[in-house]
Amino acid sequence: MSTVLVESTLSDDERRARLFAGDIFVYAPKPSTLAFVEFTRELVRDGFRGLDPETAQYDLQVEDYAALLAELKPRFIHHPRCKELIRDLLVEHGADPERTYFDVPRLRTSTSDDYLTSGIAYAFHPHRDTWYSAPFCQLNWWMPVFDIVPENGLAFHPKYFDGPVRNNSDTYNYYEWNATNRGSAAKHVRSDTRVQPKPQEEIELFPQTRIAAPPGGMMIFSAQQLHSSVPNSTGRTRFSIDFRTVHHDDVVSHRGAPNVDSECAGTTMRDYLRATDLTTLPEELCLEYDDVPPKADALLVFGEAALGARAPLGTA
Ligand SMILES: [Fe+2]
């Protein structure tokens, strides 16, 4: 069973324990998240050059739209202000910035009516982030930038949380993905040929859990949750922000959600930066999670080429 806890007053330690057991947390907008939303809206509006970002898909050829996102998304991901905003947001949500590490934030777009669902605006099939080399202690943080409705958000399939789904995550090697697909997402406009971990059995998509929070309302869930993009038919493009965290003590003690079906290779553990000083986790800790040796040229540095190599790693 999965419980959605709204505006919980649990401590971060208690919250992580429940997240690892399949619960989902939702928080009302806070000053820190609203600041992040406002900052993002400015970047987005600037990127769309006077068009309404939520309806610009009706004014642009899809190739031009993809090119615009290919410029906008890296600007967001690399912007130094994002790191400060995430730190503030973590603190306001009760996380210890000395022990909490985060990776690059992604700006997601889900266009309406299958206008653009590949590459730079990939529409996510049901997946777990743990099929993409995320550690089992990883938590995903997700919030809308503009108003959303249940028909253009994110769907959870919680019945699969602690049971296996037949999948091909054994074909995924994080370091090979980085080396091969780095920065290529923008090229996949009308189709997406990148091989990604997917279910290899029919998924019962319903009943499913959808959570629609206002802009700046934060949702936190385990990387183990099976989740997907809701096919958007609302006539408006959904914009959302997400990023991932791990807690130092969970990494040390190998605490996290259960691995019921993931067989991918490599680890994203080197991607997280401590909220206080942006240092990475010690290499000896990362090695404990490494089942294949990374090649030097297949490791990412913070914010690098998040367009292609990292796009599928986050959240729908
Ligand atoms: Fe995801």
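Arg 49 has a relative accessibility of 58% and therefore counts as exposed, the cut-off for that class being over 50%. The model is a predicted one, and Arg 49 lies in its loop between α2 (31-47) and α3. The backbone at Arg 49 has a phi near 45 degrees, a positive value in a residue other than glycine. Most residues other than glycine have a negative phi.

Leu 278 is another non-glycine residue with a positive phi, here about 60 degrees. The loop that holds Leu 278 runs between β11 (273-274) and α7 (283-287). With a relative accessibility of 35%, Leu 278 counts as partly exposed, because that value falls between the 20% limit for buried and the 50% limit for exposed.

A further backbone feature concerns a peptide bond. Most peptide bonds are trans. The bond that joins Phe 206 and Pro 207 is cis, with omega about 0 degrees. Pro 207 sits in the loop between α5 (174-181) and β7 (209-210).

Strand β7 leads to the sheet. This is an open sheet of 3 strands in the order β7-β6-β9, with antiparallel pairing. β7 and β9 (227-229) are the edge strands; each has a single partner strand, so one side of each is left without a neighbour in the sheet. Strands of a sheet pair through backbone hydrogen bonds. Between β6 (residues 154-156) and β7 there are 2 bridges, and the two strands run antiparallel. One residue pair can be named: Ala 155 has Arg 210 in β7 as its bridge partner.

The interior remains. The largest nonpolar core contains 54 residues. Within this core, the residues with the most contacts are Phe 36, Phe 48, Leu 116, Met 269 and Leu 281. Helix α3 (residues 62-78) supplies the largest share of the core, 8 residues. A second core, separate from this one, has 12 residues, among them Tyr 172, Tyr 174, Trp 177 and Leu 226.

Which residues does Met 269 touch, leaving aside those up to four places away in sequence? Met 269 touches Pro 135, Cys 137, Val 246, Val 251, Leu 281, Cys 286 and Tyr 289. Leu 281, one of these partners of Met 269, is also listed among the residues with the most contacts inside the largest core.

Methods
Residues numbered from 1 in each chain as written. Predicted model: local features only at pLDDT ≥ 70, side-chain atom pairs only at ≥ 80, totals over all residues. Heavy atoms only, no water. Core = buried A, V, L, I, M, F, W, Y, C linked by side-chain atoms within 4.5 Å. Buried < 20%, exposed > 50% of the residue type's maximum accessible area, 1.4 Å probe, protein only. Helix = DSSP H or I, 4+ residues; strand = E, 2+ residues; numbered from the N terminus. Contact = heavy atoms within 4.5 Å. Pairing = 2+ DSSP bridges.
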